Amino acid sequence: MQRFLLSLLIILGSSNLFAQSIEDIEAQVAKGEYDKAKTSVDAFLAKEKNAAKPDGWWYKGVIYNEIAKSEKYKSLAPDGRNEAFNAFKKYYELDPKAIRATLEQHVRLFDIYNGYFDLGVAGFGASKFDDAYSNFKNALMVEEYIGSKGYEYNGFKFPAFDTTLIQNIALSAYRAKRDEDAVIYYKKIADQRIAGKDNVDIYQLLIEYYLKKNDQVNKEKYLALGRELYPADDRWYQMELEEVDAKDKKALFAKYEELMPKYPDKYILSYNYAVELFNLTYAGDIKPADYKEKQQKLEGVLMKTLAINKTYPEANVLMARHYYNVLYDLQDEMQAIKGNTAADQKKKADMKTKMNGAADQLIMYSQTAYDLYGAKATLKAGEKGNYKVVAGYLSTAYDVKGDKAKADEYRKKSEANN
């Protein structure tokens with residue numbers, strides 16, 4: 001943070017009308033007698049003719065700012081820094097040329113900013129978040145005034161938009177549980193479309209805030225901004241999913257259908273949808289009424305998942321599990337054909353063809369998963385389980401195909417993975 005060294009340059013007043021009074025104040029300031037100087041300047045400005053001139057306001061600003069910084073005198077003006085700032089603003093109003101201030105490069109305004117900023121830092125460090133919020137906010141007030149005037153000190157000037165300071169204000173308010181105030185300042189950052197890894201949580205906070213407020217317009221506004229500025233982040237669709245009761249499968253699936261086109265390249269979103277469909281289709285004791293349709297839907301979602309990324313074994317495993325169930329269903333249908341008529345034999349032949357086709361699919365996805373797991377240096381517990389499962393599927397599929405050698409090979413591999 002830029003620091004501003006304040007040099008107490010005393011400029012003698014030029015007005016003969018109240019030279020002695022100003023000289024008295026100047027002398028007290030020069031000696032550091034800020035208690036006496038405060039009394040003098042207050043009395044001086046109490047006179048209407050003096051209050052219409054800039055010099056008294058200049059010295060009030062000087063004196064009250066020094067009092068605010070002084071352990072010895074600060075009790076004389078509990079809000080001294082703000083009174084100093086207001087006095088300087090009055091000075092600038094009454095003296096458009098601002099000769100005294102210009103000769104010092106307006107350093108006293110920068111000094112007031114420093115005072116507020118340092119108090120904000122100290123308050124935050126001491127977990128006095130209300131104090132930190134107030135002081136950082138006051139620092140921004142002074143900064144904006146300086147910026148509006150175009151003032152700079154030794155080549156330094158404040159940025160047009162001070163992201164760091166506004167973050168400090170917002171975070172202090174948030175930690176002080178002043179959510180309404182925090183949102184005001186977080187919105188300033190978001191509305192500037194400021195990205196960067198340190199700011200992503202701002203968009204999430206705003207989305208959650210407006211979701212609680214049931215303000216769909218602003219929720220969608222900041223959700224869209226988050227998606228645009230951080231397209232790789234998964235939190236946006238996760239937050240949308242959290243709006244739905246996961247137990248309400250109809251609503252949940254409708255939400256997935258809404259999200260899939262919005263996030264077409266999100267592997268985890270697509271995979272999780274497939275898992276939900278798989279569980280609904282196969283995990284229950286009773287098959288759903290639209291069992292065949294659910295199988296087709298599951299396969300379609302898994303195909304989209306694999307199109308996003310084929311190198312993740314999990315989707316291949318899930319597809320293999322799906323085809324294992326398909327093969328199991330076909331076997332049941334085959335066993336249900338009890339007759340030996342020509343028509344029955346044709347049905348069995350057709351069923352055998354379907355079983356071979358399902359076995360081929362089971363082999364393809366199981367082998368892909370098996371190879372992906374086999375290429376890993378180490379496997380987690382769940383991965384070891386899947387590795388064993390797909391080896392077992394390969395053995396089953398080759399049995400169906402009538403390839404005893406391959407079936408035995410993968411059976412042994414499955415057993416070896418115990």
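What follows looks at the overall build of the protein chain and then at one residue, Asn 218. The model is a predicted one.

Start with the fold as a whole. The protein chain is built with 20 helices and 0 strands. For 418 residues, a compact globule would come out with a radius of gyration near 22 Å, yet the value for this chain is 37 Å. The extents of the C-alpha trace fill in that picture: along the principal axes, the trace spans about 130 × 40 × 35 Å. As for how the chain meets itself, take the contacts with a separation of 6 or more: 62% of them pair up residues that sit 24 or more positions apart.

On to the surface and the charges. Of the 418 residues, 44% are buried. The area left exposed by the protein chain is about 22,000 Å², and 52% of that comes from carbon and sulfur atoms. The charge tally reads 63 positive side chains against 62 negative ones. The centres of these two sets lie 2 Å apart.

Zooming in, Asn 218 belongs to helix H12, which covers residues 216-229. Asn 218 has a relative accessible area of 18%, so this residue counts as buried, the cut-off being under 20%. The side chain of Asn 218 also has a polar partner: a polar contact at 2.9 Å links it to the side chain of Asp 215.

Terms used
Residues numbered from 1 in each chain as written. Predicted model: local features only at pLDDT ≥ 70, side-chain atom pairs only at ≥ 80, totals over all residues. Heavy atoms only, no water. Helix = DSSP H or I, 4+ residues; strand = E, 2+ residues; numbered from the N terminus. Buried < 20%, exposed > 50% of the residue type's maximum accessible area, 1.4 Å probe, protein only. Polar contact = N/O pair within 3.5 Å; in protein donor to acceptor, adjacent residues only side chain to side chain. Rg over C-alpha atoms; globule rule 2.2 N^0.38 Å. Contact = heavy atoms within 4.5 Å. Areas by Shrake-Rupley, 256 points an atom, 1.4 Å probe, with all protein chains shown as cover. Lys, Arg positive; Asp, Glu negative; His and termini not counted. Charge placed at Lys NZ, Arg CZ, Asp CG, Glu CD.
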